[in-house]
Amino acid sequence: MTLVLDIVTTAAILFAVSAGLLVVFGVMKIINFAHGAFITLGAYAGLLVTQAGLSPWLGLPLAFIAGAACGAVVERIVVRPLYTRALDAILATWGLGIIIGQLLTLGFGREVQFVQSPITGTLTVFGEAYSAYRLFLVLAALAVGGGFALLLEGTRLGLNTRAVIMNEDLARGLGIDSVRVRFITFALGSGLAGLAGALITPLSSVDPAMGVPWLLNAFMLVIVSGASLLTLALATLLLGGAQVLVSTLVSPILGGLTIVVLAAIVLRLRPAGFAR
Amino acid sequence: MKRMAAAALAGALVVAIAPFVLDGYTANVLVRSLLFGVLALSVDLLWGFTGFLTFGQSAFFGVGAYAYALTATQLGVDGFLLPVSLLLGLLAPAVLALLQGWLSFYHRATPLYASVVSLVVPVVVTQVLYSGGTFTGSSSGLTGYDMPDLSVPQWLWLCGGLLVLLTAAAAVFVRSDAGRLLVALRDNEMRCAFLGIPTTRLRIGLLIAMAAVAGLAGWLYAAYSGVVAPELAGFDLGTQAVIWVALGGRGTLVGPVLGAIGIDLTSAYLSGSLPFLWRLLVGLAFILVIVLLPQGLFPAIGRLILHRRRAAPVAPPALVPAATATARARGEALAVSDVARHFGALPVLSGVSLRAAAGELLSLVGPNGAGKTTLIRCLSDGTERSGGTVHILGQRLGSLPPHRCVALGLGRKFQTANVFDSLTVAECLRIARATIDRPSPWRRAGTLALPDAAMEVVQATGLDRLLGEEARLLAHGQKQALELAMVLALDPALVLLDEPTAGLTRSERLQIGGILRRLAQDHGMCLLLVEHDLDFVREISTRMVVLHQGRMVLDGTVEEVAASDLVRTIYAGEPH
């Protein structure tokens, strides 16, 4: 039973971490390699709140704002000139990741630090005591996914965004400001990365390089799922589940490799991944 | 060529005197930087020339390093064991590269996927090294093993000499006729495949060679430094190598080498006093170069100093006639039976059967969406169709990939002009001949042999006066003619042409029309032509086939088809 809960909560964490990257990839066809750095940024926002002695809940909106603001600036300066050079955009955002990581190191030092969790203790689910915070993360992931679905399906901006995803040239021809859509998307995706950073840190710790392994897993999950939140949910459940199984039954080191290796093999056999 | 020799000589000279002018610390670090230069060189050949952005060359460097460290700890490296260890340092990375290549490169693989796999490989290798227990030394790595008895100056000469040698060899190779293939792969992999070039095998082969080069650098690094750790194989070193190459200037060979040495040396000095600030500056410089100066620093500085003194253009080769299959079989060139193609539940083609003999000029007409281009695809790529059989010159098409289909005697001209933008006209034509006249890996041939038909197109359209011109600078009509000449350079028996006159002026159309007719009449080729313009088709075809909504509705002489009511209703859009 614990295994099932582990799988569900791990999938929820992976979903929260990957959603921002997926949104940027879906709309802009660009892989944001600074995603890991934005996750780290969000984690440090959570750390600041802890150090100031404020309620840990405050860390979540603060992390989102920090990520979104940073993403907005980055989109203007770095990403916009590289729209047509997708591989170069990967490189430039990777460079950004280095810069953000070094700035965080200069500001906070290199050491591993810990963040206070907003929820402590356990809940009893199906007769098992299980970490309440991990269960809360499932709700958080559902909220992120649901919020996005609402945004896409229920608002004018969402409609414009879907038009840009389907056919950017046509959307522009119809008077949709695709540059603005891209700008908002990137800021939103970065904000989500920051939020994810604040969400995951109570489970582990904070250090300037913490984002990189998350980036790798998120990257593979996004590539495998194409550009849909539903397939992303499916991919996180299947691959995240495999990761949990391998970690507990075989070895944690192999478990850490499960997602990247499985995703690469899935893509080799089926280039569309889980899409359609 | 002279400039290259001078540069190599200057490099060798610098290496020779370096131990006498450098202090001990710098010389010590420089050996490592030189080996990183070798690593950067391998990244540049893959990324700068063939366009494969790889983050994973570090994996081969690390495997090479562990090959030395493991043989030294387990067996020792005395006497004959040293060459055994070296062999392992070359072979182990090569085998890993074969695996990576098989995963990364296949028919219809995307460049992004190859980059994804290149990220996975170092992550996996590092984890394997971490979990190797006492055998690999886990996270602390291996140290204290036997090292060759060389002094630091000797190491400098060895590694510096190797770097100069490899850079010079790479420079000779990329300028040779065979080396242009790398650029052709980067510019247009599909066109390469449809010229009969085994692109997948080429890419895997190059990756294996570059893995061995990176492995050699790692092997030397382990032998020199006496320490190996899993980080040597890591993704971080792999991305650093990409940064060196980008800053130095991708596709310039010397730039990436200088980039690696410069950055690694400086960071050795600054990592003591300003470790984080230094990485910050490198990251900043990296972004600036990617966004503002994609060609990198080395070419930019070169332009500033040398001021318009670009290398003299190489004289284009002289055109000579090539031996052709003079006695072309007069038999059946193409036999198609019951071919179908559907995407999911949506049928695009069904039940198409037709035959064509040598000397025929068969036109395929029909409104937009009739399935004409889809049919051409099914005939030139065995993996495309969903059902039916295709025979080219009596040989089964089966499910062969494009380059094998071309080997059966087929040539395909695409709808939009499909050439190699950064190659010259002569180089494009030579790439087209690559499967017939094996290009030299170290020099440029003085002549270019073309079969009669290709020669005729080149001369009739004035391309023979533009042999040294880069293809991207050609006018639209000239590009179309160049692609046709490239296809004919294969000396095909069956030529598939998808709207060869699209976007051409009236006089150009007439010229191409005349050439096509002669290809069928005088050269005995079988031509299958997709066209919209009924008048043009009527003038040149020997037979016409009408496709409508994915089915063949007519197959007959020009007169029969042109006179039929069906064609009139289809083209006039009347209900039927």
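How many helices and strands does the secondary structure of chain B come to? In this predicted model, the tally for chain B is 23 helices and 14 strands.

**View 1. Chain B as a whole.** Here's the overall picture before we zoom in. Lined up on its principal axes, chain B has C-alpha atoms that fill a box of roughly 90 × 55 × 45 Å. Of its 576 residues, 51% count as buried. If you take the contacts in chain B with a separation of 6 or more, 77% of them link residues 24 or more positions apart.

**View 2. Where chain B touches chain A.** Each partner puts residues into this contact: 27 from chain B and 27 from chain A. On the chain B side, helix 5 (111-130), helix 11 (235-248) and helix 13 (275-292) each supply at least two residues. Helix 5 of chain B gives the largest share, with 10 residues. Sort the chain B side by class and you get 21 nonpolar, 4 polar and 2 charged residues.

**View 3. Helix 1 against helix 7 in chain B.** Helix 1 (residues 2-21) and helix 7 (residues 152-175) of chain B pack with their axes 8 Å apart, at an angle of about 170°. Angles over 145 degrees count as roughly antiparallel, so that is the label for this pair of chain B helices. From helix 1 of chain B, look for Met4(B), Ala8(B), Gly11(B), Ala12(B), Val15(B), Ala18(B) and Pro19(B). The residues of helix 7 of chain B in this contact include Leu156(B), Trp157(B), Gly160(B), Gly161(B) and Val164(B). By class, the contact between the two helices has 12 nonpolar, 3 polar and no charged residues.

**View 4. A six-stranded sheet in chain B.** These 6 strands make an open sheet with mixed pairing, in the order 9-11-12-6-13-14. Strand 9 (410-413) and strand 14 (551-556) of chain B sit at the edges with a single partner strand each, so one side of each has no neighbour in the sheet. From one strand to the next, the twist averages 15°. At one edge, strand 9 of chain B runs parallel to strand 11 (residues 494-498) of chain B, and 4 bridges join the two. Want a spot to zoom in on? Try Gly411(B), which stands opposite Val495(B) in strand 11 of chain B.

**View 5. Helices on that sheet.** Helix 15 (residues 372-380) of chain B packs on the sheet and touches strands including strand 6 (361-365) and strand 13 (543-548) of chain B. The direction of helix 15 makes about 150° with that of strand 11 of chain B. Helix 20 (residues 506-521) of chain B lies across strand 6, strand 11 and strand 12 of chain B, at about 145° to strand 12.

Methods:
Residues numbered from 1 in each chain as written. Chains lettered and ligands numbered in written order. Predicted model: local features only at pLDDT ≥ 70, side-chain atom pairs only at ≥ 80, totals over all residues. Contact = placed C-beta atoms within 7 Å. Nonpolar A, V, L, I, M, F, W, Y, C, P; charged D, E, K, R; others polar. Buried ≥ 20, exposed ≤ 12 C-beta atoms within 10 Å, placed from the backbone. Axes fitted to C-alpha atoms, helices over the stretch in contact; angles between N-to-C directions. Parallel < 35°, antiparallel > 145°, perpendicular 65-115°, else oblique. Pairing = 2+ DSSP bridges.
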